[in-house]
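Trainee: I would be grateful for a close look at a single part of this model. Please choose one element and explain how its side chains pair with one another.

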Amino acid sequence: MKFTKIVAGSALAAILAGAIPAAPALANGAASTRNIIFGAAAATYLIIQHNRKVHQRYAEDARRQAAAQSQANDAWAAYSSEKRAYDNEVAVNSGLQKEVAYQHSMIKEKDHQLAMNSRSNASGFTTRTVAVNEPSRTSTHRSSKTQQVAMADYGWGRL
């Protein structure tokens with residue numbers, strides 16, 4: 001309803017304005033030229049300001065894009081660096097694993113040799129075979145014999 005009142009009022013104003021004869025405009029050359037120059041200057045100023053804003057937005061977008069690319073490149077460089085460090089650690093760990101495996105095999109071999117040299121019986125005593133040098137009665141050379149010796153083992157290692 002309000003819209004129809006506005007349309008009706010504006011139509012009535014247009015009819016009344018058309019009914020009143022208009023006076024002819026006086027042409028003043030200096031004022032007309034001045035107004036054209038001011039209008040052109042204002043249009044030029046508005047175009048310059050618009051272009052400045054557009055270029056600022058382009059520069060901001062370019063800065064954001066450069067920052068994003070920089071972060072992506074930094075992230076890739078950081079990833080590459082961490083990957084190289086990880087690969088180096090893997091190589092070091094592999095070397096340490098080989099060393100531990102070698103030491104373990106040597107311990108197993110020594111344990112096997114020790115087991116072959118000693119026997120345990122049910123009483124908890126361990127017998128070992130040791131070399132005994134005794135002087136020979138017939139010559140000046142010593143002869144070596146083996147003798148079994150009992151050793152106590154209480155569970156905390158060998159004494």
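Mentor: Read from the start of the sequence, the protein chain runs α-α-β-β-β, that is, two helices and three strands, where helices (H or I, at least four residues) and strands (E, at least two) are DSSP runs numbered from the N terminus. This is a predicted model, in which local features need pLDDT of at least 70 and side-chain atom pairs count only at pLDDT 80 or more, while totals for chains, interfaces and linings use all residues. Residues are numbered from 1 along each chain as its sequence is written, and side-chain values use heavy atoms, with hydrogens and water left out.

The part to examine is helix 2 (residues 29-117), where confidence is highest, at a mean of 88, whereas strand 2 (residues 125-135) has the lowest, at 55; pLDDT is the predictor's confidence in each residue, from 0 to 100. For the protein chain as a whole, the mean pLDDT is 76.

Side chains of opposite charge can pair when their charged atoms come close. The structure holds three salt bridges, a salt bridge being a side-chain nitrogen of Lys or Arg within 4 Å of a carboxyl oxygen of Asp or Glu. Arg-64 meets Asp-61 with the closest N and O atoms 2.4 Å apart, and Arg-64 also meets Glu-60 at 3.7 Å, N to O. Glu-60, Asp-61 and Arg-64 are thus linked in a network. Asp-61 and Arg-64 lie three residues apart in helix 2, so about one helical turn separates them; Arg-64 and Glu-60, four residues apart, are likewise separated by about one helical turn. Arg-64 is exposed at 52% relative accessible area, while Glu-60 is partly exposed at 38% (buried means under 20% relative accessible area, exposed over 50%, partly exposed in between, with a 1.4 Å probe and protein chains only).

Further along helix 2, Lys-83 and Asp-87 form a salt bridge at 3.6 Å, N to O. Because these two residues are four apart in helix 2, about one helical turn lies between them. Lys-83 is partly exposed, at 39%, and Asp-87 is partly exposed, at 37%.

Helix 2 also carries Trp-76 and Tyr-79, three residues apart and separated by about one helical turn. Their rings form a tilted aromatic pair, 5.4 Å centre to centre with 35 degrees between the planes; rings of Phe, Tyr and Trp (its six-membered ring) pair if their centres lie within 6.5 Å, and planes under 30 degrees apart count as stacked, over 60 as edge-to-face and the rest as tilted. Trp-76 is exposed at 57%, whereas Tyr-79 is partly exposed at 47%.
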